[in-house]
Amino acid sequence: MSTPNLLTDPRTRAAYAEGAGIYRIVPSAVAIPADVAELAALVRWAVETRTPLIPRGAGSGMPGGNVGAGVLVDLSRGFPDLTVDPHTRLARAGASVTWGQVTEAARPYGLRLPPDPSSGAFATSGGMVATNAAGPRSIRYGSVRRWVEALEVVEANGETRTLRRGGGTRYPVPDTRDLQNFPKTRKNSSGYALDRFAESSDELDLLIGSEGTLAFVTAVHWRLDPILPDLAGVALGFSDLAALAEAVPFLVALNPSAIELLDASLLRLIPNAPVHAVLLLVEFERETSVAARGVVGDAVRGLKQHVTHVETAVDRAGLERLWDVRRLASPALARLPPSQRSLQVIEDGCVPLERLGEYIAGLRSAAERHDVPVAIFGHAGDGHVHVNALPDITRKGWEERLTLLFNDVLDVVLRLGGVPAGEHGAGRLRAGVLERFYGSAVMGVFRDVKRAYDPLSILNPGVIIPAADWAPLAALKVGEDAAAIPDDIAARLRDVERTAGWATPKLELAR
Ligand SMILES: Cc1cc2nc3c(=O)[nH]c(=O)nc-3n(C[C@H](O)[C@H](O)[C@H](O)COP(=O)(O)OP(=O)(O)OC[C@H]3O[C@@H](n4cnc5c(N)ncnc54)[C@H](O)[C@@H]3O)c2cc1C
């Protein structure tokens, strides 16, 4: 057995110590496999030496699945192949290929990959499949799961395999009667998707969303869809949350392609943004401009009793202007004073659509109770909102208050029949809470799945299946206890975070 090429110098390891999200964990080494053969050899070596491997794409995932104490395996470079076949409407993308690159290559044929993560410029095909990523348009087109036709993988024993939709399974399909209590939300990236696996009997569905814990993805065969020619939209302001209970299901019934929500807590941070309790940005894609404009009219007429503000857009350029306010959210968060850090600990809860207003009310009151400011925004049409907790880390006791907020918000999500992650995954952060949501029987099946695929727990230990010493808010990248790394690298990592510079090769940060 040959020893793999591992990078072990402290500066390189430091450059890989953080992803998006809250953690800083310095890996023992970094591997950057150049192809499938190198990756397979690395896995065989890891099995032989019992070394944990942490698969990683761009590192933009939030809940800590992309960092860890073992060997960090950077897949963002070695798997760049991309081919588009317009006749079959399929694209084969290596694990390193981003959503943006797939979209660019498909556009000349009038095709696209419809779920559109906001991180599409850097999120890799491997990372998107591993988290079952989604985006604003998932209300109409679902998460990426629906668009995966086949996966090429390297398994935990170093063998390669291609799994195809309709190709069945080696692993027994769970009995749907055992999944009666599986939460029924429109989106879910919290643990293994046993419900989807039971529906399709396709092993593929077990692998999608498995966060690098069952196999390495080396290529994805994406199904593509025609770009619809026309769109129109509307911005709707509401003066109270209660209106959402009626307004959102009404809009969903009109078959929109996006319903994005900006809460007052976020609008307040954006200079010159309109002041509303909630602002909804709604987009409709249609075959003709008449149809697109018509449905905007239906939306406005149907909600005129509820809204305090209406602004319509009848074409792509107008819609871009309407959505500018959403694009200003990230820069506004990046401009917060250095003492106020944006931390993603309750950032991905998803609840049944009709409970969305209650969820936002619960979030606001938990934030107030624990005196941690929050910014709330997200995908209203899926009952799914992102929440950035914004504690002042120079104030004594901020860690305790953040922990209380984490636990209280999970209680609210649980009470409303939701899931802790709609699109980001469980990661390390939420591994230890899955049992509260699914119960011990389902958690037992999760453990069986993990054992069947990865009996030695080589792949991403501590993710989805919690480590024995699971501590969600330990190993933070901020605060006095943060692991020591060189100051210049810490500053560059902070810059990556502030500017969403996740496409930057991490080796550049170590130079
Ligand atoms: C500014 C910003 C906006 C975002 N917007 C969205 C959004 O709209 N929608 C959304 O869903 N997410 C969003 N995210 C989160 C993130 O971009 C997604 O989770 C994305 O899918 C992660 O891709 P990545 O290549 O960065 O993977 P990483 O972060 O590197 O990894 C994520 C997980 O996938 C595993 N993994 C990565 N590559 C592989 C592989 N080849 N094989 C097996 N496992 C692998 C890792 O082990 C880890 O568990 C956003 C993040 C940021 C920073």
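How many bridges pair strand β11 with β14, and in which sense do the two strands run, parallel or antiparallel? In this predicted model, strand β11, made of residues 230-238, pairs with β14 in the antiparallel sense, and six bridges connect the two. You can pick out one spot along this pairing: L236 stands opposite V310, a residue of β14.

Now let your eye widen to the sheet around that pair. It is an open sheet of six strands, and reading across it gives the order β14-β11-β13-β12-β15-β16, with antiparallel pairing. Because β14 (307-313) and β16 (384-389) stand at the edges with a single partner strand each, one side of each is left without a neighbour in the sheet. If you compare the directions of neighbouring strands here, they are turned by 15° against each other on average, direction ignored.

Helices come next. Helix α8, residues 244-253, packs on this sheet, where it touches β11, β12 (258-263) and β13 (278-286). The direction of α8 makes about 10° with that of β13. Another helix to find is α13, residues 356-369, which lies across β12, β13, β15 (374-379) and β16. Helix α13 runs at about 10° to β16.

Let us move to another sheet. Three strands make up this open sheet, in the order β1-β3-β2, and their pairing is parallel. Its edge strands are β1 (29-31) and β2, each of which pairs on one side only. Here neighbouring strands are turned by 25° against each other on average, again with direction ignored. Strand β3, residues 71-74, runs parallel to β2, and four bridges join them. Within that pairing, I54 has L72 of β3 as its bridge partner.

Strand β2 also leads us to the ligand. Which residues come nearest to it? Of the 34 residues around the ligand, these are P55, G57, S60, G61 and A134. The backbone provides several polar partners. A backbone N or O atom of A58 lies 2.9 Å from a ligand oxygen atom, while a backbone N or O atom of A134 lies 2.6 Å from a nitrogen atom of the ligand. A polar backbone atom of V217 is 2.9 Å from a nitrogen atom of the ligand.

How much of the ligand does the protein cover? On its own the ligand has 960 Å² of accessible area, and the protein covers 93% of that. The elements that give two or more residues to the shell around the ligand are β2 (53-56), α4 (125-131) and β9 (215-223). Helix α4 gives the most, with five residues. By character, the shell divides into 16 nonpolar residues, 15 polar ones and three charged ones.

To retrace the path, you can go from the six-stranded antiparallel sheet to the three-stranded parallel one, and then follow β2 to the shell around the ligand.

Technical notes:
Residues numbered from 1 in each chain as written. Predicted model: local features only at pLDDT ≥ 70, side-chain atom pairs only at ≥ 80, totals over all residues. Heavy atoms only, no water. Near = heavy atom within 4 Å. Polar contact = N/O pair within 3.5 Å; in protein donor to acceptor, adjacent residues only side chain to side chain. Areas by Shrake-Rupley, 256 points an atom, 1.4 Å probe, with all protein chains shown as cover. Nonpolar A, V, L, I, M, F, W, Y, C, P; charged D, E, K, R; others polar. Pairing = 2+ DSSP bridges. Axes fitted to C-alpha atoms, helices over the stretch in contact; angles between N-to-C directions. Contact = heavy atoms within 4.5 Å.
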